[in-house]
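Colleague: Could you walk me through how to read this model, feature by feature? I would like the general idea and then the case at hand.

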Amino acid sequence: APASLFTVGRVLREWRAAERVLAELAPGTPEWQRTSSEIEMLRGQYQQLFKAAETSPGRTSTQG
């Protein structure tokens, strides 16, 4: 499952970066709406990947 754990980390980094961008945009603008939609997509991807990583055989703990 290491590849999926790397993917979880990548999605999380992209999600956090998009949240930083969103904080700089004026609410309601097309850019704000696009970034908000991107965050929702990334959140969904993160949840799916994290669940898949948690249930992978041979998984080691990633908490820390």
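Modeller: Happy to; we will go from the overall layout to the core, some single residues and the salt bridges.

Modeller: First, the ground rules: this is a predicted model, in which local features need pLDDT of at least 70, side-chain atom pairs count only at pLDDT 80 or more, and totals for chains, interfaces and linings use all residues. Residues are numbered from 1 along each chain as its sequence is written, and side-chain values use heavy atoms, with hydrogens and water left out.

Colleague: How many helices and strands does the protein chain have?

Modeller: Helices (H or I, at least four residues) and strands (E, at least two) are DSSP runs, numbered from the N terminus. Here the protein chain has 2 helices and 0 strands. Helix H1 covers residues 2-24, and helix H2 covers residues 30-55.

Colleague: What span should H2 have, at 1.5 Å a residue?

Modeller: The expected span is 1.5 Å times one less than the number of residues in the helix. For the 26 residues of H2 that gives 38 Å, and the end C-alpha atoms are 38 Å apart, which agrees.

Colleague: How much of the protein chain counts as buried?

Modeller: Buried means under 20% relative accessible area, exposed means over 50%, and partly exposed is in between (1.4 Å probe, protein chains only). Of the 64 residues in the protein chain, 16% count as buried. In H2 the buried residues are Thr35, Ile39, Leu42, Tyr46 and Ala53. As for total surface, the protein chain exposes about 4,700 Å², with carbon and sulfur atoms supplying 55% of it; accessible areas come from the Shrake-Rupley method with a 1.4 Å probe, and for residues only the protein chains shown count as cover.

Colleague: Which residues make up the largest nonpolar core?

Modeller: In soluble globular proteins, nonpolar side chains tend to be buried together. A nonpolar core is a set of buried Ala, Val, Leu, Ile, Met, Phe, Trp, Tyr and Cys residues joined through side-chain atoms within 4.5 Å. The largest one here has 8 residues: Val8, Val11, Trp15, Ala18, Leu22, Ile39, Leu42 and Tyr46. H1 and H2 are the elements that give two or more residues to this core, and H1 gives the most, with 5 residues.

Colleague: What is Leu22 in contact with, leaving aside its neighbours within four places in sequence?

Modeller: Contact means heavy atoms within 4.5 Å. With those neighbours set aside, Leu22 is in contact with Trp32, Thr35, Ser36 and Ile39. Leu22 lies in helix H1 and counts as buried at 18% relative accessibility.

Modeller: Now look from the other side: Thr35 lies in helix H2 and is buried at 10% relative accessibility. Not counting residues up to four places away in sequence, Thr35 touches Ala18, Val21, Leu22 and Leu25. The C-alpha atoms of Thr35 and Leu22 are separated by 6.1 Å, although these residues are 13 apart along the chain.

Colleague: And which residues does Val11 contact, beyond its neighbours within four places in sequence?

Modeller: Val11 is in contact with Leu42, Gln45, Tyr46 and Leu49, with those neighbours left aside. For the protein chain, residues 24 or more positions apart account for 59% of the contacts with a separation of 6 or more.

Colleague: How many salt bridges does the count come to?

Modeller: Side chains of opposite charge can pair when their charged atoms come close. A salt bridge is a side-chain nitrogen of Lys or Arg within 4 Å of a carboxyl oxygen of Asp or Glu, and by this rule the count comes to 2. One joins the side chains of Arg10 and Glu14 at 2.9 Å, N to O. Arg10 and Glu14 both lie in H1, 4 residues apart, or about one turn of the helix. Arg10 is partly exposed at 37%, and Glu14 is partly exposed at 33%.

Colleague: Where does Arg43 find its salt bridge partner?

Modeller: Arg43 forms a salt bridge with Glu40, the closest N and O atoms being 2.5 Å apart. Glu40 and Arg43 are 3 residues apart in helix H2, separated by about one helical turn. Glu40 is partly exposed, with a relative accessible area of 46%, and Arg43 is partly exposed, with 26%.
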